[in-house]
Amino acid sequence: MRVLGVDPGLTRLGVGVVEGVAGRPLAMRGVGVVRTPADADTAVRLVAVERGVEEWLDAHRPDVVAVERVFSQHNVRTVMGTAQASAVAMLCAARRGLPVVLHTPSEVKAAVTGSGRADKAQVGAMVTRLLRLDAPPKPADAADALALAICHIWRAPATNRLQQAVAAQVAAQRAGKGR
C-alpha cells in the first residue's frame, strides 16, 4: 500500500509518501512541504496548494490519501486556513477516485509513538526510526505527514475488518427483514 500523508496548512502543507504493509518494514518514497506566501490572497494560496498536491499525486501515485483531521484551535483564522488546505487535498484525491481517510492528531501520535500526547520531537524521532532515516524530516510538518501515512498503513487492516463486519451485519439484518 502506498499512502500520501497530508499535514494540512495554508503556509506549509506537509506531504509524505510511505509504502508498505502492517507488520513489515515501511519505506519512505518522498517527503516535503508545499509552501505558499503568507502575504498572498487566500484564493491564490489555495490554488498553489492544489497545484502542489496534484504534483505529489502525479509523482507518487498513492493508493490512498491520509489527511490530518482539522481540530478546533483557539485561533479561528489559523483553523480556517488549515481546514481550507485540508479540503483542497481531499478534493484533489477525490477527483482522482482515491480513498481519503482522516486521522486525528492524537490518533497519529498514539499509533507512531504509543502516546496520544507525544510532542513534535517525539513524533519526529519515531518517524526517523520507523523509516530508518538518518535524521528527522524538517520542518515538523513533513515529519507529521509521514506519521499520518504510517498511522494509516498500520490501522488500515483493522479498519477494513471492522467495515466488513458492519457491512455483513447490515446485510444480515436486511436479509432477516425480507423474510
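This report describes the nonpolar cores, one buried glutamate and the cysteines of a predicted model.

Local features are given at pLDDT of at least 70 and side-chain atom pairs at pLDDT 80 or more, while totals for chains, interfaces and linings use all residues. Residues are numbered from 1 along each chain as its sequence is written, and side-chain values use heavy atoms, with hydrogens and water left out.

The largest nonpolar core (buried Ala, Val, Leu, Ile, Met, Phe, Trp, Tyr and Cys residues joined through side-chain atoms within 4.5 Å) has 20 residues, and those with the most contacts inside it are Leu 4, Val 6, Leu 13, Val 53, Leu 57 and Val 65. At least two residues of this core come from each of β1 (2–7), β2 (12–19), α1, β4 (64–68) and α2 (76–95), where helices (H or I, at least four residues) and strands (E, at least two) are DSSP runs numbered from the N terminus. Another core, apart from this one, has 19 residues, including Val 64, Ala 118, Ala 147 and Cys 151.

Beyond four places in sequence, Val 6 is in contact (heavy atoms within 4.5 Å) with residues including Leu 13, Val 65, Ala 89 and Leu 148.

Glu 54 belongs to helix α1 (residues 42–60) and, setting aside residues up to four places away in sequence, touches Cys 92, Arg 95 and Arg 96. Three residues are classed as follows, buried meaning under 20% relative accessible area, exposed over 50% and partly exposed in between (1.4 Å probe, protein chains only).

| Residue | Relative accessible area | Class |
|---|---|---|
| Glu 54 | 15% | buried |
| Cys 92 | 0% | buried |
| Cys 151 | 0% | buried |

With a disulfide defined as a pair of cysteine sulfur atoms within 2.5 Å, the count comes to zero.
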